[in-house]
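Let's take a walk through a protein model together. Keep the structure open beside you and turn it as you read.

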Amino acid sequence: MNKKFFIAWAVVFVVWMAGSFVVHGLLLHADYAKLPQLFRPEAQAQQYFALMILAHVIMAGAFTWIYARGVEARPWLGQGLRYGAAIALLTVVPWYTIYYAVQPMPGVHVVKQIVFDGILVLILGAVVAFLYRGEMRTAVSA
């Protein structure tokens, strides 16, 4: 872990927090308001905001670390979008699918969550790839 890693971690954290605010605080806000039985009221949720920050710090660090370990000498944008798609298929799609299976969530709401968060993770992949452009991992012997 070097200076570039910690800078990328911080940038990914900021972009992820901002993107999550856009997705969940703006685009899906009205959808969440229609489901008060499933979510905390906003005033109560604010009490747990520190946990939201902690979760995003952890996710941003892991997201950046995984990318940094596998960056290849390929065009950065394509690599970043592929990485974002892989992470979305590993996290976003199954998480919301599982939530749908166990919570009485409207299907259209789940589709919006998957699409919006999927786009966000693609953007995050492009951001981390941009920050690591020109780098490649060194070969590791098996």
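Before we look at how helices cross, here's the rule for naming a crossing: look at one helix in front of the other, and if the near helix is turned clockwise from the far one by less than a right angle, the crossing is right-handed, while an anticlockwise turn makes it left-handed. Keep in mind that what you're looking at is a predicted model.

Now try that rule on helices H6 and H7. Their crossing is right-handed. The two axes come within 9 Å and cross at roughly 160 degrees. Angles over 145 degrees count as roughly antiparallel, so H6 is roughly antiparallel to H7. Who does the touching? On the H6 side you'll find Val 92, Val 93, Tyr 96, Thr 97 and Tyr 100, and on the H7 side the list includes Gly 107, Val 110, Gln 113 and Ile 114. Sort the residues of this contact by type and you get seven nonpolar, four polar and one charged.

H7 has another partner, H1. Here the axes lie 10 Å apart and the packing angle is about 160 degrees, so H1 and H7 are roughly antiparallel to each other. This crossing is right-handed. H1 brings residues such as Val 12, Trp 16 and Leu 27 to the contact, and H7 brings, among others, Phe 116, Leu 124 and Val 128. The residues here split into 13 nonpolar, three polar and two charged.

With that many nonpolar residues around, it's worth asking where they gather. In soluble globular proteins, nonpolar side chains tend to be buried together. In this model, the largest nonpolar core has 22 residues, and the ones touching the most other members are Val 12, Trp 16, Phe 63, Tyr 67, Val 128 and Tyr 132. H1, H4, H5, H6 and H7 each supply at least two residues of this core. Which helix gives the largest share? That's H7, with six residues.

Let's finish by zooming in on one core member, Tyr 67, which sits in helix H4. Is Tyr 67 buried or exposed? Its relative accessibility is 4%, and buried means under 20%, so Tyr 67 counts as buried. Setting aside residues up to four places away in sequence, Tyr 67 touches Gln 79, Gly 80, Tyr 83, Val 128, Ala 129 and Tyr 132. For one more distance to find on screen, go to Gly 84: it is 17 residues from Tyr 67 along the chain, and the C-alpha atoms of the two are separated by 9.5 Å.

Note on methods
Residues are numbered from 1 along each chain as its sequence is written. This is a predicted model: local features need pLDDT of at least 70, side-chain atom pairs count only at pLDDT 80 or more; totals for chains, interfaces and linings use all residues. Side-chain values use heavy atoms; hydrogens and water are left out. A nonpolar core is a set of buried Ala, Val, Leu, Ile, Met, Phe, Trp, Tyr and Cys residues joined through side-chain atoms within 4.5 Å. Buried means under 20% relative accessible area, exposed over 50%, partly exposed in between (1.4 Å probe, protein chains only). Helices (H or I, at least four residues) and strands (E, at least two) are DSSP runs, numbered from the N terminus. Contact means heavy atoms within 4.5 Å. Axes are lines fitted to C-alpha atoms, for helices over the stretch in contact, and angles run from 0 to 180 degrees between N-to-C directions. Angles under 35 degrees count as roughly parallel, over 145 as roughly antiparallel, 65 to 115 as roughly perpendicular and the rest as oblique. Ala, Val, Leu, Ile, Met, Phe, Trp, Tyr, Cys and Pro count as nonpolar, Asp, Glu, Lys and Arg as charged, and the others, Gly among them, as polar.
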